[in-house]
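This report walks through a single protein chain for a reader meeting it here. It begins with the overall plan and then turns to the strands, the helices and a few individual residues.

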Amino acid sequence: QIVTLTTAQVVALSTAQIKALSTSAVAALTTDQVAAIETRDFRREDLYTLLITTRILNFLKGIPLNAPKVSLPKALAIAKKLDLRSALGAEILRRLLKEKILHAATSKGLEPLSRFRPELFFQLWRKLATITTQQGNTLVLNPFKEA
């Protein structure tokens, strides 16, 4: 469920409440709302990172897995074979997980995104064990955290 907040509602939120927002709620924020909630403890880069994280999770949810339960490396291998955009997404995520730097695809090749906060991304990533895909299959991110 996506929650849309007005600027007035966002301004009324405390920093703790903002940090507790789900990625779906964060994805519905506008640029004006992002500017309205920047505080000493919560910067634009935090929201930027959460927005990108949402896109990464949506990318993973969209991979058509060929089994009920698939590991992340196998899912990325599937994505690489789908199309150029999916292959690029898989490579960008692989590099983020390995190098701790997010890259963007540009006309000059892959360029690092300096505003992306990898420490925030990994703080969230470590909490995930699995992702349920749009097909209802399970993508295993962290086999040691599985219930």
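Two strands are said to pair if DSSP finds at least two bridges between them, and strands themselves are DSSP runs of at least two residues, numbered from the N terminus.

## Overall plan

The structure shown is a predicted model. Its chain has 8 helices and 5 strands, and these elements, read along the sequence, follow the pattern α-α-α-α-α-β-α-α-β-β-α-β-β.

Of the 147 residues of the chain, 35% count as buried. Among the contacts with a separation of 6 or more, 51% are accounted for by residues 24 or more positions apart. One pair of residues distant in sequence is L47 and F116, which are 69 residues apart along the chain and whose C-alpha atoms are separated by 9.2 Å.

## The open sheet

How are the 3 strands of the open sheet ordered? They follow the order β1-β5-β4, and their pairing is mixed. Because β1 (69-71) and β4 (130-132) each have a single partner strand, they stand at the edges of the sheet, and one side of each is left without a neighbour there. On average, and with direction ignored, neighbouring strands of this sheet are turned by 25° against each other.

Strand β1 and strand β5 (residues 138-140) run parallel and are joined by 3 bridges; within this pairing, S71 stands opposite V140 in β5. Helix α6 (residues 72-82) packs on the sheet, where it touches β1 and β5, and its direction makes about 90° with that of β1.

## The hairpin

A second pairing involves strand β2 (residues 103-106) and strand β3 (residues 109-112), which run antiparallel and are joined by 4 bridges. The link between β2 and β3 is a hairpin that passes through 2 residues, and in the paired strands A105 stands opposite L110 in β3. As a general point, strands of a sheet pair through backbone hydrogen bonds, either parallel or antiparallel.

## Helix α5

The 18 residues of α5 should span 26 Å at 1.5 Å a residue, and the end C-alpha atoms of the helix are 26 Å apart, which agrees with that expectation. The buried residues of α5 are D46, L47, Y48, T49, L50, I52, T53, T54, I56, L57 and L60.

L47, which lies in helix α5, can be looked at more closely. Is L47 buried or exposed? Since buried means under 20% relative accessible area, L47 counts as buried, with a relative accessibility of 1%.

## Helix α7 and its surroundings

Helix α7 (84-99) has 16 residues and reaches 22 Å from its first C-alpha to its last, close to the 22 Å expected at 1.5 Å a residue. At the start of α7, a side-chain oxygen of D83 reaches to within 3.2 Å of the backbone nitrogen of R85. The buried residues of α7 are S86, A87, A90, I92, L93 and L96, and they pack against α5 (44-61), α6, β2, β3 and α8 (118-125).

The packing of α6 and α7 is at an angle of about 145°, with their axes 6 Å apart. In this contact, L72, L76, A79, K80 and L82 of α6 meet S86, A87, A90, E91, L93 and L97 of α7; sorted by class, the contact has 8 nonpolar, 1 polar and 2 charged residues.

## Two residues of interest

S86, whose place is in helix α7, counts as buried at 13% relative accessibility. Which residues does S86 contact, leaving aside its neighbours within four places in sequence? S86 is in contact with F59 and A79, and A79 is also among the α6 residues that meet α7.

K100 follows α7 and is found in the loop between α7 and β2. Although K100 is not a glycine, it has a positive phi of about 65°. With a relative accessible area of 44%, K100 is partly exposed, whereas S86 counts as buried.

Technical notes:
Residues numbered from 1 in each chain as written. Predicted model: local features only at pLDDT ≥ 70, side-chain atom pairs only at ≥ 80, totals over all residues. Heavy atoms only, no water. Axes fitted to C-alpha atoms, helices over the stretch in contact; angles between N-to-C directions. Contact = heavy atoms within 4.5 Å. Buried < 20%, exposed > 50% of the residue type's maximum accessible area, 1.4 Å probe, protein only. Expected span 1.5 Å × (residues − 1). Polar contact = N/O pair within 3.5 Å; in protein donor to acceptor, adjacent residues only side chain to side chain. Nonpolar A, V, L, I, M, F, W, Y, C, P; charged D, E, K, R; others polar.
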